[in-house]
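Please look through the model shown here before reading on. The paragraphs that follow go from the overall fold to individual side chains.

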Amino acid sequence: MNGQELSALLVLATAMSFTPGPNTTLSTALAANRGFRHALPFVLAVPVGWSALLLVCALGLGALVLAVPLVGGAIKFAGVAYLLYLAWKLAQTRQLGQADGTRLNVGFWQGVALQFVNIKAWMLALAIVSGWIAGRADATQRMALVVPVMLVFAFASNCSYALVGSTLRHWLAGPHGTGQRLVWFNRAMAGVLLVTAVWMLTV
């Protein structure tokens, strides 16, 4: 991979990783509601799940998704349904610490699985496989370079959003711990998930 290709990869990774999406929204919301430590399993799950998605795309699943519209449609609607469910759960959380099993429970394995129904993650994986890996004589070496780069970007972006959420945590509790600010924050985050779900239906 030459310098021009690497630069283009870094630009794509930055744009896709740091713009808001399901992963960054949940990282922020989980940290704001339960603290950074409780959001960390999800933050770690995102790069692990996305790397697994990239690998299976490179091994042929991506070609299958593109070739069989029914498969792509099933992934899309599963992702939309899950985001709507998460948005509803998040909108119900009204006090700090309530984002647990009865409200919003997105741990490590749920975070890994989310990548496989996240259209934004699929778009990035397919773009990288088609543009940087597939059909190249040095595909294995390219994959060995791309995966660590994307791991770093996925972790850095979600960790950054989680830090923002945890920084806002005490302010969101509001005066005397009323949690009124948290209610509106969670509704806003739920709204972002809802908008993302609608966007997923259009791509």
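Helices (H or I, at least four residues) and strands (E, at least two) are DSSP runs, numbered from the N terminus. The chain has eight helices and zero strands, and its elements run α-α-α-α-α-α-α-α from the N terminus on. This is a predicted model, in which local features need pLDDT of at least 70 and side-chain atom pairs count only at pLDDT 80 or more, while totals for chains, interfaces and linings use all residues. Residues are numbered from 1 along each chain as its sequence is written, and side-chain values use heavy atoms, with hydrogens and water left out.

Of the 203 residues of the chain, 46% count as buried. Buried means under 20% relative accessible area, exposed means over 50%, and partly exposed lies in between (1.4 Å probe, protein chains only). The chain exposes about 9600 Å², of which carbon and sulfur atoms supply 71%; accessible areas come from the Shrake-Rupley method with a 1.4 Å probe, and for residues only the protein chains shown count as cover. Contact means heavy atoms within 4.5 Å. Among contacts between residues at least 6 apart in sequence, 82% join residues at least 24 apart.

Helix H8 covers residues 180-202. Its 23 residues should span 33 Å at 1.5 Å a residue, and its end C-alpha atoms are 34 Å apart, which agrees; the expected span of a helix is 1.5 Å times one less than its number of residues. The buried residues of H8 are Leu182, Val183, Phe185, Asn186, Met189, Ala190, Leu193, Thr196, Ala197 and Met200. What covers these buried residues includes helix H2 (22-34), helix H4 (69-92), H6 and H7.

One residue of helix H6 is alanine 121. Alanine 121 is buried, with a relative accessible area of 4%. Leaving aside residues up to four places away in sequence, alanine 121 touches Trp50, Leu53 and Gln115. Alanine 121 and serine 51 are 70 residues apart in sequence, and their C-alpha atoms are 9.9 Å apart in space.

The next topic is charged side chains. A salt bridge is a side-chain nitrogen of Lys or Arg within 4 Å of a carboxyl oxygen of Asp or Glu. How many salt bridges does a search of the whole structure find? The search finds three. Arginine 136 forms one with glutamate 5, with the closest N and O atoms 3.0 Å apart. This pair links distant parts of the chain: arginine 136 is in the loop between helix H6 (119-133) and H7, glutamate 5 is in helix H1, and the two are 131 residues apart. Arginine 142 also forms a salt bridge with glutamate 5, and here the closest N and O atoms are 3.1 Å apart. Arginine 142 lies in helix H7 and glutamate 5 in helix H1, so this pair ties together parts that are 137 residues apart in sequence. Aspartate 138 forms a salt bridge with arginine 142, with 2.8 Å between the closest N and O atoms. Glu5, Arg136, Asp138 and Arg142 are thus linked in a network of salt bridges.

Within this network, glutamate 5 is buried at a relative accessible area of 17%, and arginine 142 is buried at 6%. Arginine 136 is partly exposed at 32%, and aspartate 138 is partly exposed at 26%.

A pair of aromatic rings is described by the distance of the centres and the angle of the planes. Rings of Phe, Tyr and Trp (its six-membered ring) pair if their centres lie within 6.5 Å; planes under 30 degrees apart count as stacked, over 60 as edge-to-face and the rest as tilted. The structure holds three aromatic pairs. The rings of phenylalanine 18 and phenylalanine 153 have centres 6.5 Å apart and planes at 75°, so this pair is edge-to-face. It links distant parts of the chain, with phenylalanine 18 in helix H1 (residues 3-18) and phenylalanine 153 in helix H7, 135 residues apart. Phenylalanine 18 is partly exposed at 32% relative accessible area, whereas phenylalanine 153 is buried at 16%. Phenylalanine 108 and tryptophan 109 form another edge-to-face pair, 5.0 Å centre to centre with 85° between the planes. Phenylalanine 108 is partly exposed at 26% relative accessibility, and tryptophan 109 is exposed at 65%.
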